[in-house]
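Visitor: I am new to this structure and should be grateful for a close look at a single part of it. Please describe that part in one connected account, and explain each term as it arises.

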Amino acid sequence: MLRGVLLIGLVCCQAAIARVSPETQTMEWVKRDLLSALDAPDNMNRIASLTFPLVSAWKGGLQKETQDVLDRVAGFIRSADPRDYACGELVDIHLTIGFLAETGRAIDLNPVKEALIPCDWGKSRFDLANALFFTCRYAGEEPETAFPGALRYLEKAQRSDGAFIAENGKPWFYLTSHALMAFHYCKGNPVVVERGSRNLLAQLPEFRQSGFYDGLIESLIFLRWLDVEIPQFADYVAFIRDSINPDGGICFSRKPDCQSHWHAVSLLLELQLMDGWE
């Protein structure tokens, strides 16, 4: 008799677990990790990255599910003194303010803009690309007004194959992907955007084969933003879905006993919220 009760209990529990979709699990993972990041705010990129897909969820009608966490983020950003942060961290704060503005959580930009003035953008093309992305996508400013000559400077860092070269003289995927977004939203040279798009497209099969989940998901998202047709998009989505960990997250890259990583999981949730995930 007890065995039957236990069996029924297990079946009921399994049924309940089955009703929790990977998307719901991923959302909860992002919310938990973001709250943890706010409790010990030593990585502004982590806070910005995790905030972004929750804003997308909020805009998609999930205000109730995201309200408390986004309020926490807004409260933290309002209380932060920009003078306490390095240039790269200020860019992340800049981006987070832009994300939150789309949910009606307005935050004064001027203190951050003033703190950014002495930054030497020649030291980090990646930070410059993100600053341009914010300026054109969220602030509505002209790039030449905010960062004179910045687009021309970044354009010189692009190779003929579309990859962007970092300060160490080597191509870097994340500089390429983020510079591509900067040129797109700042209405920069369309040849730069076309070359960069081809570069991301060409790397998709390699990213899938090597299990570079973070790069694969970011590329798919950015290419969709650019309205670029992605051959076998559904196959890539199925591959990513099959790679989700039991906790609803996903690893940065495929390695033995890897753990879900905040950046990859933030991208995973953003992809889940896009058309074509189902």
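Guide: The account below begins at one helix and then turns to its surroundings.

This is a predicted model, in which local features need pLDDT of at least 70 and side-chain atom pairs count only at pLDDT 80 or more, while totals for chains, interfaces and linings use all residues. Residues are numbered from 1 along each chain as its sequence is written, and side-chain values use heavy atoms, with hydrogens and water left out.

The part chosen is helix α14, which covers residues 262-272. Helices are DSSP runs (H or I, at least four residues), numbered from the N terminus, and strands are runs of E with at least two residues. Leu 271 is a member of this helix. Leu 271 counts as buried because its relative accessibility is 2%. Buried means under 20% relative accessible area, exposed means over 50%, and partly exposed lies in between (1.4 Å probe, protein chains only).

Apart from neighbours within four places in sequence, the residues in contact with Leu 271 are Ile 217, Leu 220, Ile 221, Phe 233, Ile 240 and Trp 277. Contact here means heavy atoms within 4.5 Å. Leu 271 also belongs to the largest nonpolar core, which has 91 residues. Such a core is a set of buried Ala, Val, Leu, Ile, Met, Phe, Trp, Tyr and Cys residues joined through side-chain atoms within 4.5 Å. The members that touch the most others are Ile 77, Leu 132, Leu 220, Ile 240 and Leu 271.

Gln 272 also has its place in α14. It counts as buried because its relative accessibility is 8%. The side chain of Gln 272 makes a polar contact, at 3.1 Å, with the side chain of Thr 26. A polar contact is a pair of N or O atoms within 3.5 Å; within protein, one must be able to donate a hydrogen and the other to accept it, and residues adjacent in sequence count only if both atoms are side-chain atoms.

The packing partner to consider next is α12. Two packed helices are described by the angle between their axes and the distance between the axes. For α12 and α14 the angle is about 40° and the axes are 9 Å apart. Axes are lines fitted to C-alpha atoms, for helices over the stretch in contact, and angles run from 0 to 180 degrees between N-to-C directions. The crossing of these two helices is left-handed, a term for the case where the near helix is turned anticlockwise from the far one by less than a right angle; right-handed is the clockwise case. From α12 the contact involves Asp 214, Ile 217, Glu 218, Leu 220, Ile 221 and Trp 225, and from α14 it involves His 263, Ala 264, Leu 267, Leu 268, Glu 270 and Leu 271. By class, there are eight nonpolar, one polar and three charged residues in this contact. Ala, Val, Leu, Ile, Met, Phe, Trp, Tyr, Cys and Pro count as nonpolar, Asp, Glu, Lys and Arg as charged, and the others, Gly among them, as polar.

The loop after α12 deserves attention as well. Asp 227 is placed in the loop between α12 (213-225) and α13 (233-242), and Gln 232 is found in the loop between these helices too. Most residues other than glycine have a negative phi. Asp 227, however, has a positive phi, near 60°, and the phi of Gln 232 is also positive and near 60°. Asp 227 counts as exposed because its relative accessibility is 71%, and Gln 232 is exposed, with a relative accessible area of 53%.

A second helix pair may be set beside the first. Leu 271 and Ile 47 are 224 residues apart in sequence and 18 Å apart in space, C-alpha to C-alpha. Ile 47 belongs to α3 and takes part in the contact with α4, as does Ile 77 from the α4 side. The axes of α3 (residues 44-59) and α4 (residues 63-79) come within 10 Å and cross at roughly 145°. This crossing, too, is left-handed. The residues of the contact comprise 11 nonpolar, three polar and no charged.
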